[in-house]
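Let's take a walk through this model together, with the coordinates open in your viewer. We will begin at a metal site and work outwards from there.

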Amino acid sequence: MCRAFAFHTKAESNMQRRMILGITLAAGLAASPAFAVTFQHTGDDGWIEQWLSMEVVMNNGGFNASGLIDFISDGTDGDITHESVTTAKGLRKLETAEVKLDDKYSDFGMGDDGVWDWEVVAIDTNDGDNMATSWGLAAGSDDIEWHGIIVLESSKARSATMHPAHDDWAQIWINGEQVYDNSAWTGGVRTVTRPTDVDLESGDNILLFKCGESGGSAYVNLHFEDTESDIDIVPTEDGEFWRYAGGLAVEAQDKAATTWGGLKAR
Ligand SMILES: [Ca+2]
Ligand SMILES: [Ca+2]
Ligand SMILES: [Ca+2]
């Protein structure tokens with residue numbers, strides 16, 4: 001077992017972000033006003049890059065086993081589940097909760113303090129190992145579990161067609177209900193075998209994407225269609241999640257510090 005160890009610590013990545021910001025400022029490119037928020041969008045070719053993701057669960061026992069495990073529930077003594085984390089109430093709990101899993105799931109810096117943190121990560125939507133590489137793990141890592149959350153803010157109730165690609169077993173929940181369950185890898189990081197119609201509500205729709213890997217490629221990917229390109233998606237393009245995460249902010253919109261409600265007023 002001699003894998004390249006490419007995991008970056010939180011401090012390092014924060015430093016990188018600051019350096020990037022500094023470079024941007026120095027180049028005079030940071031002309032965006034304080035409240036110009038660039039949400040992510042989706043479309044026929046609009047694969048969603050930024051996700052609020054949980055540190056990878058290592059040594060998952062292979063996807064056939066891990067696909068039956070709710071690691072969020074296990075790590076919070078049942079306080080938060082796959083279903084509840086896709087509700088405003090559950091997502092709000094997650095903001096302050098600590099997901100504590102057994103040491104056996106910790107490796108290569110993931111869960112090294114006993115707590116599996118949630119951070120915004122970018123997946124490379126062309127990378128067949130993006131479950132690993134999104135967290136700085138070596139491409140080819142096996143027996144790992146990836147979790148990611150996005151919030152889709154829709155101006156209206158609608159039926160939409162969701163296009164997930166995954167390797168291996170993917171499960172997706174939206175607004176408290178499981179909407180996708182497919183243990184068969186789709187065959188390519190941009191290959192979708194089972195487009196799935198889902199109902200979105202007017203307002204915030206919270207989506208959890210869970211995927212378990214045993215061997216070979218390990219990827220997640222998701223897009224909707226051009227008809228859904230008006231939907232605003234959190235995390236934002238620059239990786240902000242909690243500040244704009246739908247239900248959380250809407251319920252707190254009377255608080256001056258939380259401007260999401262105001263931003264959304266058109
Ligand atoms: Ca941690
Ligand atoms: Ca692999
Ligand atoms: Ca695989």
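**Starting at a calcium site**

V115 counts as buried, because its relative accessibility is 11% and the cut-off for buried is under 20%. Before going further, please keep in mind that this is a predicted model. V115 offers its backbone O to the calcium ion (ligand 1), which is also coordinated by E55 (OE), D113 (OD) and D117 (OD), at 2.4 to 2.9 Å. Read along the sequence, the donor residues of this ion follow the spacing E-x57-D-x1-V-x1-D. E55 and V115 thus link distant parts of the chain: E55 sits in strand β2 (residues 50–58), V115 in the loop between α4 (88–96) and β3 (118–122), and 60 residues separate them. Is E55 buried or exposed? E55 counts as buried, because its relative accessibility is 5%.

Now for the chain around this site. Its 266 residues include 51% that are buried. There are seven helices and eleven strands. If you take the contacts with a separation of 6 or more, 78% of them are between residues 24 or more positions apart. The chain exposes about 12100 Å², and carbon and sulfur atoms supply 49% of that area.

Let's move on to the calcium ion (ligand 2). Its donors are G140 (O), S141 (O), D142 (OD), E213 (OE) and G216 (O), at 2.2 to 3.0 Å. Along the chain these donors are spaced G-S-D-x70-E-x2-G. Here the linking pair is S141, in the loop between α5 (130–133) and β4, and G216, in the loop between β9 and β10; they are 75 residues apart. How do S141 and G216 fare in terms of accessibility? S141 is buried, because its relative accessible area is 2%. G216, with a relative accessible area of 53%, is exposed, because exposed means over 50%.

Which residue coordinates both the calcium ion (ligand 2) and the calcium ion (ligand 3)? That residue is E213, and the two ions are 5.3 Å apart. Around the calcium ion (ligand 3) you will find D167 (OD), D168 (OD), D168 (OD), E213 (OE), G215 (O) and S217 (O), at 2.2 to 3.0 Å; D168 therefore appears twice in the donor list. The six donor atoms subtend angles of 45 to 151°, which makes the arrangement irregular. For comparison, the ideal angles for six octahedral donors are 90 or 180 degrees. In sequence, the donor residues of the calcium ion (ligand 3) are spaced D-D-x44-E-x1-G-x1-S. D167 lies in strand β5 (residues 158–167) and S217 in the loop between β9 (203–213) and β10 (219–223), so this pair ties together parts that are 50 residues apart in sequence. D167 counts as buried because its relative accessibility is 6%, while S217 is partly exposed, with a relative accessible area of 33%.

From D167 you can step into the sheet that holds β5. Three strands form an open sheet in the order β8-β5-β10, with antiparallel pairing. The edge strands are β8 (196–200) and β10, each of which pairs on one side only. From one strand to the next, the twist averages 35°. Strands β5 and β8 run antiparallel and are joined by five bridges. To find one place where β8 meets its neighbour, look at T161, whose bridge partner in β8 is D197. As a general reminder, strands of a sheet pair through backbone hydrogen bonds, either parallel or antiparallel.

Our last stop is strand β11 (residues 232–236). How many of its five residues are buried? Five of the five are, and the strand is mostly covered. In a regular strand the side chains alternate between the two faces of the sheet. In β11, D232, V234 and T236 point one way, whereas I233 and P235 point the other way, and all are buried.

Which strands pair with β11? One is β1 (residues 39–40), which pairs with β11 in the antiparallel sense over two bridges. Another is β4 (residues 144–154), joined to β11 by three bridges and also running antiparallel to it. I233 is a handy residue to select here: I233 is the bridge partner of Q40, and L152 stands opposite I233 as well.

Notes: Residues are numbered from 1 along each chain as its sequence is written. Chains are lettered from A and ligands numbered from 1 in the order in which they are written. This is a predicted model: local features need pLDDT of at least 70, side-chain atom pairs count only at pLDDT 80 or more; totals for chains, interfaces and linings use all residues. Side-chain values use heavy atoms; hydrogens and water are left out. Buried means under 20% relative accessible area, exposed over 50%, partly exposed in between (1.4 Å probe, protein chains only). Helices (H or I, at least four residues) and strands (E, at least two) are DSSP runs, numbered from the N terminus. Two strands pair if DSSP finds at least two bridges between them. Contact means heavy atoms within 4.5 Å. Accessible areas come from the Shrake-Rupley method with a 1.4 Å probe; for residues, only the protein chains shown count as cover. Donors are N, O and S atoms within 2.8 Å of the metal (3.2 Å for Na, K and Ca); water is not among the atoms, so sites may look incomplete. Four donors count as tetrahedral if all angles lie between 85 and 135 degrees; four count as square planar and six as octahedral if opposite donors are over 155 degrees apart and all others between 65 and 115; anything else is irregular. Axes are lines fitted to C-alpha atoms, for helices over the stretch in contact, and angles run from 0 to 180 degrees between N-to-C directions.
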